[in-house]
Amino acid sequence: MKESAEINTIKSIKTYANKKYLANTVSFVLLAMGSIIMLIPIFWMLSTAFKESGQIWSVPPVWIPIPAVLDNFRDVFEILPVDKLFCNSVLVSVITTIIQLITSCMGAYAFARLNFRGKNLIFLFFMASMMIPRYILTIPLFLIFNQLKLGNTMPALILPGCVSAFSIFLLRQFIEELPAEFDEAATIDGASRWKILFRIIIPLAKPGIMTLIIFAFMNVWNDFFWPLVIINDTEKMTLQVGMAFYMGAKKVEWGPIMALASCCSVPIMLLYLFAQKSFMAGITAGGVKG
């Protein structure tokens, strides 16, 4: 009987191991296929940027351009001040991200740790504002900035993104997961609220902050509609608006357009590569508590 029980146990273990191996294999295959499908457009964009004009619509399609040429990049730089547009995008994205990080840290700490009248109601309004599409606010924002004489200026690109309800909500989730004993111990030692926030809370919430930085920078960098509405001068345009300007100024030439799109994609790719670990930690840690 004992040997029979051991044999059954071994068979059960082997069956479970085989099922788990099969499930892992299927999951790996599906994830690999999904990754390939998502990477194909990016690879095609980069490939087209280095193709000669005759290779773009060739049949069968040319995936790896031979020879790789820089004519498309040269054409774009001759028509558009790409260096100026790139600097504008970087300046607006960096400044907006820094200000949004500061306001989000203060707002999230207030909602997570401070007790004041109407806190839950105010937070409810913050959450409700996330349900409003950004495009509905375009006309009111446009009229407000024109009344303030800020139309067609760089502050008009920066100010709308300085406060984000989503960023405050995201950081609030991280701060609520931190033990309140840290705050109490620091208060006993004589630390102020500001010192607790900047010396204790922010270092401990680093994964959430890195996630916020990536989301904030990506949203501002990829923003197209608002800069298109508020900016008129070519010298003040962002890179994304410059791409639309290039497409409207000439007939659609996919090689130069893909070259400009590649330039637009580089900062986001580099930011994700450098902050990948913190970003993944922030996504997994921040999404488990509601």
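Let me start with one residue, Lys 149. At 71% relative accessibility, Lys 149 counts as exposed, because that value is over the 50% cut-off. Keep in mind that this is a predicted model.

Where is Lys 149? This lysine sits in the loop between helix 6 and helix 7, and helix 7 covers residues 154-158. Its backbone has a feature to look for. Lys 149 is not a glycine, yet its phi is positive, about 60 degrees.

Now take Asn 152. That residue also has a positive phi, near 60 degrees, and it is not a glycine either. Its place is in the loop between helix 6 and helix 7. Is Asn 152 buried or exposed? Asn 152 is buried, with a relative accessible area of 15%. The reasoning is short: 15% counts as buried because the cut-off is under 20%. So one loop holds an exposed lysine and a buried asparagine.

Let's step back to the whole chain. It has 15 helices and zero strands. There are 290 residues, and buried ones make up 34% of them. Next, the contacts. Take those with a separation of 6 or more: 71% of them involve residues 24 or more positions apart.

One more backbone point before we go inside. Look at Ile 66 and Pro 67. A cis peptide bond joins them, with omega about 0 degrees. Pro 67 lies in the loop between helix 2 and helix 3.

On to the pockets. Rolling a probe the size of a water molecule over the atoms shows where empty space is left. How much space lies in the largest pocket? About 990 Å³. Its lining has 35 residues, and the closest to its centre are Arg 134, Pro 160, Gly 161, Val 163 and Ser 164. Several helices each supply at least two lining residues, among them helix 4 (82-113), helix 5 (119-129) and helix 12 (225-230). Which helix gives the most? Helix 11, with six residues. By type, the lining of the largest pocket divides into 20 nonpolar, 13 polar and two charged residues.

Now the second largest pocket. About 150 Å³ of space lies there. It is lined by 13 residues, and the closest to its centre are Glu 52, Ser 53, Ile 56, Asn 72 and Pro 256. Helix 2 (53-56), helix 3 (71-79) and helix 14 (254-274) are the elements that give two or more residues to this lining. The split here is five nonpolar, three polar and five charged. Set that beside the two charged residues in the lining of the largest pocket.

Back to the largest pocket, and to Ser 164, one of the residues closest to its centre. The side chain of Ser 164 makes a polar contact of 3.3 Å with the side chain of Ser 167. So what do we know about Ser 167? It is found in helix 8, residues 165-177. Ser 167 is buried, with a relative accessible area of 4%. Leave out residues up to four places away in sequence, and Ser 167 touches Gln 100, Ser 104 and Leu 212.

Gln 100 comes up again with Cys 162. That cysteine lies in the loop between helix 7 and helix 8. It counts as buried, at 8% relative accessibility. Leaving aside neighbours within four places, Cys 162 is in contact with Thr 96, Ile 99, Gln 100 and Thr 103. Ser 104 is 58 residues from Cys 162 in sequence, but the C-alpha to C-alpha distance is 8.9 Å.

Since we have a cysteine, a word on disulfides. A disulfide is a covalent bond between the sulfur atoms of two cysteines. How many disulfides are counted here? Zero. Take Cys 263: the nearest cysteine sulfur, that of Cys 264, is 6.9 Å away. Cys 263 is in no disulfide, because the two sulfur atoms would have to be within 2.5 Å.

Last stop, Ala 205. Find it in the loop between helix 10 (193-204) and helix 11. Ala 205 counts as buried, at 3% relative accessibility. Its C-alpha is 8.2 Å from that of Leu 178, and the two are 27 residues apart in sequence.

Terms used
Residues are numbered from 1 along each chain as its sequence is written. This is a predicted model: local features need pLDDT of at least 70, side-chain atom pairs count only at pLDDT 80 or more; totals for chains, interfaces and linings use all residues. Side-chain values use heavy atoms; hydrogens and water are left out. Helices (H or I, at least four residues) and strands (E, at least two) are DSSP runs, numbered from the N terminus. Buried means under 20% relative accessible area, exposed over 50%, partly exposed in between (1.4 Å probe, protein chains only). A polar contact is a pair of N or O atoms within 3.5 Å; within protein, one must be able to donate a hydrogen and the other to accept it, and residues adjacent in sequence count only if both atoms are side-chain atoms. Contact means heavy atoms within 4.5 Å. On a 1 Å grid over the protein atoms alone, a cavity is a set of points where a 1.4 Å probe fits but cannot get out, and a pocket is an open set with protein on both sides within 12 Å along at least five of seven lines; lining residues have an atom within 4 Å of a point. Grid points are joined across faces, edges and corners, and a volume is the space filled by probe spheres set on the points. Ala, Val, Leu, Ile, Met, Phe, Trp, Tyr, Cys and Pro count as nonpolar, Asp, Glu, Lys and Arg as charged, and the others, Gly among them, as polar.
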